[in-house]
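Trainee: Could you take me through one part of this model slowly, and then show me how the rest sits alongside that part? I'd like the reasoning as well as the numbers.

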Amino acid sequence: MAFSTAISGINAANADLGVISNNIANASTTGFKASRAEFADVYATSLLGAGSNAIGQGVALAGVSQEFGQGTITFTNNSLDLAINGNGFFQLSVEGAIEYTRAGNFQVDNEGFLVSNQNSRLQGFQVDGGGDVTGQLGDIQIDTSLIDPNPTAAVGLTSNLDSRDVSPGTGFATNGPYDAFAVPATAPNPVDFNATTSTTIYDSLGNPHVLSLYYVKTTNPNEWEVYSLIDGQSQDPGTGTVGDPVTLTFTSNGQFDPTSATDINVTGWAPIDATGISNGASAQNFAVNLQQTTQFGTDFSVSSVIQDGFAAGQLRGLEIDESGVAFARYTNGESRALGQIALASFSNQNGLQPIGDTNWVETFSSGAPNVSGPGTSGLGVIQSAALEDSNVEITQELVDLIIAQRNFQANAQVIQAADAITQTVINLR
């Protein structure tokens with residue numbers, strides 16, 4: 001019996017050596033989780049039990065458990081390197097089958113999908129046409145095509161008009177009636193207007209145009225006229241060519257009078273090119289909101305100009321925030337959400353089955369995954385441009401290696417002792 005008991009000990013020590021050597025071999029494997037061999041003693045039993053004088057028959061490998069402790073996060077220069085700081089696993093689609101990993105070294109394949117080194121597609125929540133994240137899971141794909149231009153539909157200004165200004169007298173010079181002037185007679189002659197500002201707007205083809213506003217203080221107290229020009233041409237609310245100014249009034253404390261006109265409404269604007277003919281863009285309507293204008297005794301200033309148009313744009317870069325939302329940045333200054341990375345957690349993550357490539361699959365023991373966005377439902381957050389190192393502690397593994405080696409040698413010594421005793425018995429005469 002001593003032979004079989006010692007052999008079980010040798011097998012156990014050999015299994016322990018195998019687990020330790022695998023840990024050491026993967027000490028630099030991204031997302032690797034160390035394993036631990038667990039053993040149990042063996043007794044011969046019957047229906048009546050083992051008895052009070054039972055002698056153990058050795059040891060058996062009860063299981064190999066994985067230690068899912070957090071590995072050290074190392075920063076990189078690649079925004080597609082992702083680390084999970086906390087609980088959870090990335091979801092990967094391998095020809096429709098779902099696998100789980102902590103290794104976040106992703107890249108973009110030739111179709112624009114985010115994939116692992118084994119070309120498994122990263123899973124995430126999709127976005128709708130408005131860029132809002134939905135609850136639908138699928139492959140995360142980076143759209144590298146040009147984004148369509150967006151014509152300006154609204155402009156908003158926050159500004160202050162200097163209450164100390166006086167009327168220029170002649171007002172905003174024209175070449176005749178309001179339906180005939182094109183530009184200020186001596187633009188930008190400060191005699192004709194008190195202040196001016198401009199911003200860029202866009203037509204339906206994404207071409208930029210300059211919207212200029214000229215402010216003229218009238219002879220009436222707390223009253224101003226605002227003229228609008230696009231590319232030097234006056235705009236008429238009715239014809240899209242020429243129009244009367246918008247009159248703004250203010251209260252005695254410098255605040256915008258709510259009974260005053262609030263918008264410059266441009267309708268039927270037909271953009272033209274440098275030669276003065278239509279550039280092919282469709283006729284356009286938009287409003288310039290002036291409600292955030294004040295009249296205080298300080299210099300004219302414009303604190304913000306916001307307009308919603310933009311030109312066509314090409315993909316320039318990709319950023320992923322801690323909530324897992326992937327943002328594409330374009331050359332026109334726009335950014336769009338392309339999806340949100342999904343993370344999965346398990347009630348018993350030690351029940352996951354390792355399948356190689358630092359991936360796991362769910363089992364009956366692990367239970368079904370709980371899938372949600374990073375930072376919710378007890379899940380960790382995403383760290384972009386970083387990777388999670390293996391959680392193997394080399395020093396501890398080397399100590400365990402010495403212990404396993406001594407266990408092997410001790411069990412081998414038991415076999416030698418049992419052999420010597422057996423030989424003595426055989427030599428009895």
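Mentor: Let's start with helix H1, go on to the strands, and finish with a couple of odd backbone angles. Keep in mind throughout that this is a predicted model.

H1 covers residues 2-25, so it has 24 residues, and at 1.5 Å a residue it should span 34 Å. The C-alpha atoms at its two ends are 34 Å apart, so the expected span and the one in the model agree.

Now look at which side chains of H1 are tucked away. Its buried residues are Ala6, Ser8, Gly9, Ile10, Ala12, Ala13, Asp16, Val19, Ile20 and Asn23. One general point helps when you read that list: an α-helix has 3.6 residues a turn, so residues three or four places apart point the same way. With that in mind, trace Ala6, Gly9, Ala13, Asp16, Ile20 and Asn23, which are among the buried ones. As for what lies over them, the cover includes strand E1 (35-41), strand E2 (59-66) and helix H2 (394-426).

H2 deserves a second glance. The axes of H1 and H2 come within 9 Å and cross at roughly 160°. An angle over 145 degrees counts as roughly antiparallel, so that is how H1 runs relative to H2. The crossing of the two helices is left-handed.

On to the strands. E17, E18, E11 and E19, in that order, make up an open four-stranded sheet with mixed pairing. Strand E17 (263-269) and strand E19 (301-307) are at the edges with a single partner strand each, so one side of each has no neighbour in the sheet. Ignoring direction, neighbouring strands here are turned by 15° against each other on average. Inside that sheet, strand E11 (residues 154-162) and strand E18 (residues 284-296) are paired in the parallel sense over eight bridges. If you want a spot to check the register, Gly156 has Asn289 of E18 as its bridge partner.

Another set of strands to follow is E12, E13 and E14. Strand E12 (residues 195-202) runs antiparallel to E13, with eight bridges joining them, and Ser198 is bridged to Ser212 in E13. Five residues sit between the two strands of this hairpin, where Gly206 takes a positive phi near 85°. On the other side of the chain's path, E13 is joined to strand E14 (residues 223-230) by seven bridges, again antiparallel. Here Leu213 has Ser228 of E14 as its bridge partner. The hairpin of E13 and E14 also has five residues between its strands, and Asn222 takes a positive phi near 60°. As for E13 itself (residues 208-217), eight of its ten residues are buried, so the rest of the structure largely encloses it.

That brings us to the backbone angles. Most residues other than glycine have a negative phi, which is the reason to pause at two loops. Glu95 is not a glycine, yet it has a positive phi of about 55°. You'll find Glu95 in the loop between strand E5 (89-94) and strand E6 (97-101), and it is exposed, with a relative accessible area of 85%. Ser377, also not a glycine, has a positive phi of about 55°. Ser377 lies in the loop between strand E26 (370-372) and strand E27 (381-384). With a relative accessible area of 54%, Ser377 counts as exposed, the cut-off being over 50%.

Notes
Residues numbered from 1 in each chain as written. Predicted model: local features only at pLDDT ≥ 70, side-chain atom pairs only at ≥ 80, totals over all residues. Heavy atoms only, no water. Expected span 1.5 Å × (residues − 1). Buried < 20%, exposed > 50% of the residue type's maximum accessible area, 1.4 Å probe, protein only. Contact = heavy atoms within 4.5 Å. Pairing = 2+ DSSP bridges. Axes fitted to C-alpha atoms, helices over the stretch in contact; angles between N-to-C directions. Parallel < 35°, antiparallel > 145°, perpendicular 65-115°, else oblique. Left-handed = near helix turned anticlockwise from the far one by under 90°.
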